[in-house]
Amino acid sequence: MQDKVTVKDFQRMKEDKEKITMLTSYTYPIAKIVDDAGIDSILVGDSLGMTILGHNNTLKVTLENTIMLTQAVSRAVNRALLIGDLPFGTYGINPSETARNAHKLVKEGNAEAVKLEGGRERIEDIKKIIRIGIPVLGHIGLTPTYVNIFGGFKVQGREEKQAQILLEDAQLLEEAGVFAIVLESIPWKLAKKITESLTIPTIGIGAGEYCDGQVLVIDDILGLNFQVKPKFIKQYVDIKEIISNAVKKYHEEVKSGSFPTEKQRYD
Ligand code: KIV
């Protein structure tokens with residue numbers, strides 16, 4: 001087994017120009033496969049609201065949902081840095097409450113770091129979490145908990161003023177002490193500019209190839225996505241088809257009496 005990945009390795013990888021890999025996972029078996037495959041970090045994203053719970057956005061996810069799934073994932077992970085995503089409403093109200101929620105996600109969920117969405121408006125939350133000893137991953141651009149403000153899942157930072165705000169937000173998050181920043185659904189030139197202006201790594205999702213690392217939702221790369229399919233997704237396999245064929249075969253065999261046979265019975 002390779003050495004355990006820590007936030008220090010994220011920094012080293014940026015300095016060595018080694019790309020950082022991140023995928024979401026929400027369950028023990030998938031996290032085990034992802035970790036054994038050598039991915040650098042696993043995010044128990046609030047995307048679980050859509051992938052696992054079937055909501056059409058992430059807003060209904062609770063801290064308890066996230067803690068339960070982060071615990072399951074943590075039992076599978078040996079090497080990857082395990083990051084828990086603070087859900088909507090668990091931060092941004094008051095920094096002490098935010099820090100308490102982050103603490104819970106680490107203490108009960110076994111996360112090694114937490115992520116939260118937002119720019120300059122999150123600085124106090126971020127500082128408070130870091131002060132109690134928890135590394136924070138920032139997240140700007142198309143932050144899904146702002147879906148109702150953005151009016152849908154839309155690319156951010158296309159206009160110059162908005163692009164400037166995102167650049168400044170990234171710099172403010174770095175100053176506040178985050179160990180890396182997720183850049184979601186922003187133009188590649190802006191992501192490149194932000195990446196070059198920071199000493200900490202950027203992790204892109206729909207932000208082009210110049211980010212220091214990439215993150216995707218595991219369901220999207222496996223073909224298990226039943227909802228929105230943004231342009232930035234790359235599907236590597238069609239698990240939906242494989243599962244569907246297996247289920248149909250089982251159904252047919254039970255109906256026809258060809259399963260179970262003497263091989264699957266006890267004497
Ligand atoms: O919730 C999530 O999965 C995320 C990633 C896509 C960055 O925030």
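The lining of the largest pocket is a mixed bag: 25 nonpolar, 13 polar and 11 charged residues. Together that makes 49 lining residues, and the ones nearest the pocket centre are E184, I205, L216, P230 and F232. Keep in mind that we're looking at a predicted model here.

So what builds this pocket? Its volume is about 1200 Å³. Five elements each put at least two residues into the lining: β1 (20-24), α3 (48-51), β6 (180-184), β8 (213-216) and α10 (218-222). The top contributor is β1, which hands over 4 residues.

Stepping back to the whole protein, there are 11 helices and 8 strands to look at. The C-alpha trace spans about 70 × 40 × 40 Å along its principal axes. A compact globule of 267 residues would have a radius of gyration near 18 Å, and the 20 Å found for this protein agrees with that. Of those 267 residues, 47% count as buried. The accessible surface comes to about 13900 Å², with 55% of that belonging to carbon and sulfur atoms. As for the contacts, take those between residues at least 6 apart in sequence: 59% of them join residues at least 24 apart.

Two residues are worth a closer look, Y26 and D169. Here's how each sits relative to one other residue of the chain.

| Pair | Separation along the chain | C-alpha separation |
|---|---|---|
| Y26 and V178 | 152 residues | 23 Å |
| D169 and I140 | 29 residues | 7.8 Å |

Let's take Y26 to begin with. You'll find Y26 in the loop between β1 and α2 (28-36). Is Y26 buried or exposed? With a relative accessibility of 2%, Y26 counts as buried, because the cut-off for that is under 20%. Leaving out residues up to four places away in sequence, Y26 touches G45, S47, L48, T51, I52, L69, V73, V217, I218 and D219.

D169 belongs to helix α8, which covers residues 160-176. Its relative accessibility is 7%, so D169 counts as buried. Which residues does D169 touch, once those up to four places away in sequence are set aside? The list is G119, R120 and I140. That last partner, I140, is the one in the table, with its C-alpha atom 7.8 Å from that of D169.

Methods: Residues are numbered from 1 along each chain as its sequence is written. This is a predicted model: local features need pLDDT of at least 70, side-chain atom pairs count only at pLDDT 80 or more; totals for chains, interfaces and linings use all residues. Side-chain values use heavy atoms; hydrogens and water are left out. On a 1 Å grid over the protein atoms alone, a cavity is a set of points where a 1.4 Å probe fits but cannot get out, and a pocket is an open set with protein on both sides within 12 Å along at least five of seven lines; lining residues have an atom within 4 Å of a point. Grid points are joined across faces, edges and corners, and a volume is the space filled by probe spheres set on the points. Ala, Val, Leu, Ile, Met, Phe, Trp, Tyr, Cys and Pro count as nonpolar, Asp, Glu, Lys and Arg as charged, and the others, Gly among them, as polar. The radius of gyration is taken over C-alpha atoms; the globule rule is 2.2 Å times the number of residues to the power 0.38. Buried means under 20% relative accessible area, exposed over 50%, partly exposed in between (1.4 Å probe, protein chains only). Contact means heavy atoms within 4.5 Å. Accessible areas come from the Shrake-Rupley method with a 1.4 Å probe; for residues, only the protein chains shown count as cover.
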